Amino acid sequence: MSDKYLIGVDIGTQGTKTVIFSKEGKCVAKSIVKSKLIRTSNSIEENPEDQFDSVCRSIGECMRKAGLHPSSIAGIGIDGQMAGIVGIGSDGKHITPYDSWLDNRCSPYIKLMEEKACDEILRKTGNAPSINHGPKILWWKHEKTKIFSQIESFVQPGAYVAMRLCGLKAKDAFIDNTYLHFSGFANNKQNTWDYKLCDYFDIDCSLLPRIVKSSEVIGEISSASAKLAGLSAGIPVVAGCGDTAASFLSAGAVDEGICVDVAGTASVFAATTFSFKPDTKNKTLSCGKSVVGDLWHPYAYINGGGMNLEWFKTKVLTNKDKLDVIDFEELNRLASEHAPDIDDPVFIPHLGGRSCPGNADMRGAWFNLSWSVDAPILYRSILESVAMEYCLFKNSLSSLYDNYPFKELRITGGGEKSVLWNQMKADALGIKVVQIQQNEGAPMGAAMLAGLGTGFLSDIEKTINEWVKTTRECYPDPDKNSFYEKRMKKYNEFLELLS
């Protein structure tokens, strides 16, 4: 075994997860530092310095757990939340808080972008205007004029922390190409900023960072940051990528037909293809660049789809309910005991607005409640709502790519532990669901990029074969086809009412 290791960091919504990997892809140590979401009546933000601190702390904790020498790290890769932004000053430090992807204050500017250039934005970026970079940048421009005048560039959390680790200035600001579909201002296929789109909304292109490859080395960790993280100065840091792109890589989605379910804070359904095709018909799917070769990932997600489970457990199940301190394993067990019925409640999961297709003003709901409904049935309906949305995403994909070969759905993220949920998705979608053996998720993808960018790992296919192993498979039950067709009809009817 090599005496050098790789660090992969995922700056997630719920927390920062750091994992140290051997060259063979084995997890040596891992650490999670909880995020500090700042919620007000009209905003959801984070302090970018808290994100930087969480990365340093989690790396330091991993190094202590593994008992490694500070110089034993070959490279660091960071992935992070994708649709939010941080405005930085000339010194590379934040001027704005992190405007989270969960924050929908930018809704009026989504409508503005739709009215002015929706189809052109979709054709060029691969994504219709939604709760993402473009509308958020316009919100800061028009609603916080004084602060906006101080901003030198806009970046995402992964890039911000990488810059802070390396002591980079705003002139070195970067974005890797897996984020471009969320930008509102890029020509994604050509891998450039689009001056025409910027002109439509009076955005100076100099505010947009340089576009790099995910595996490009953007700097070396500085002495000050190395001291905070328990590392040696000079360790190379690669650009990294968006958290979903890192999850797709860690699931081995490098062949056409392999789909991925990222069962995390956001519930993400993705496919893998060789062609860039904007979803101009349904305006549901984004088309994002893969970190590998010429591949693309058309995908869609539920804003806070996984967060709904935590909300239900901590906010809905009160002290008056015997289930108030129940864990997810027990909730899954109780929900599994319920024989699903066609007249069960239907849950609409868009508590924070709908992202795919964009409708920031939509909110969640339960339909078809009765006095016979209990907590496990409600919990089951939340699980089912994700499967229903995935069916809509799959339909959009099928209409965009003729005869798309749905080989399997590989699942990653915390939700993959639920056998009930996995089987539900398999039955609703009619696709085999496959779990990953060592499911470290996004940090694994980030670590792979660090290895490839530094030359520590030589070949992506060889790395995928060594690092990514599948395990339990859930096959769709043909007898459930009719049931889910009827449930899907009900789901669509209720969704239409809220639309």
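A pocket here is an open set of points on a 1 Å grid over the protein atoms alone, with protein on both sides within 12 Å along at least five of seven lines, and its lining residues have an atom within 4 Å of a point. The model is a predicted one, so to speak of local features takes pLDDT of at least 70 and side-chain atom pairs count only at pLDDT 80 or more, while totals for chains, interfaces and linings use all residues. Numbering runs from 1 along each chain as its sequence is written, and side-chain values use heavy atoms, with hydrogens and water left out.

On that footing, the largest pocket comes out at about 1,400 Å³, a volume being the space filled by probe spheres set on grid points joined across faces, edges and corners. Its lining takes in 46 residues, with A263, G264, T265, G413 and G414 nearest the centre. Several helices (DSSP runs of H or I, at least four residues) and strands (runs of E, at least two), numbered from the N terminus, chip in: β2, β3, α8, β17, β20, α9, α10 and α13 each supply at least two lining residues. By type, the lining splits into 18 nonpolar, 19 polar and nine charged residues; Ala, Val, Leu, Ile, Met, Phe, Trp, Tyr, Cys and Pro are counted as nonpolar, Asp, Glu, Lys and Arg as charged, and the others, Gly among them, as polar.

The second largest pocket holds about 690 Å³. Of its 25 lining residues, L37, R39, I44, L102 and M307 sit closest to the centre. Helix α9 is the top contributor here, with six residues, and the lining divides into six nonpolar, 13 polar and six charged.

Back to α13, which covers residues 442-454 and spans 19 Å from first C-alpha to last, close to the 18 Å expected (1.5 Å times one less than the number of residues). Ten of the 13 residues in α13 are buried, that is, under 20% relative accessible area with a 1.4 Å probe and protein chains only, against over 50% for exposed and in between for partly exposed. The buried ones include P443, M444, M448 and L449. Just past the helix, G455 has a positive phi of about 85°.

A few loops have backbone quirks too. C356 and P357 are joined by a cis peptide bond, omega about -5°, with P357 in the loop between β21 and β22. N191, between β11 and β12, shows a positive phi near 60° despite not being glycine, and is partly exposed at 32% relative accessibility. N403 also has a positive phi, about 55°; this residue lies in the loop between α11 and β23 and is exposed at 78%.

How values were computed. On a 1 Å grid over the protein atoms alone, a cavity is a set of points where a 1.4 Å probe fits but cannot get out, and a pocket is an open set with protein on both sides within 12 Å along at least five of seven lines; lining residues have an atom within 4 Å of a point.
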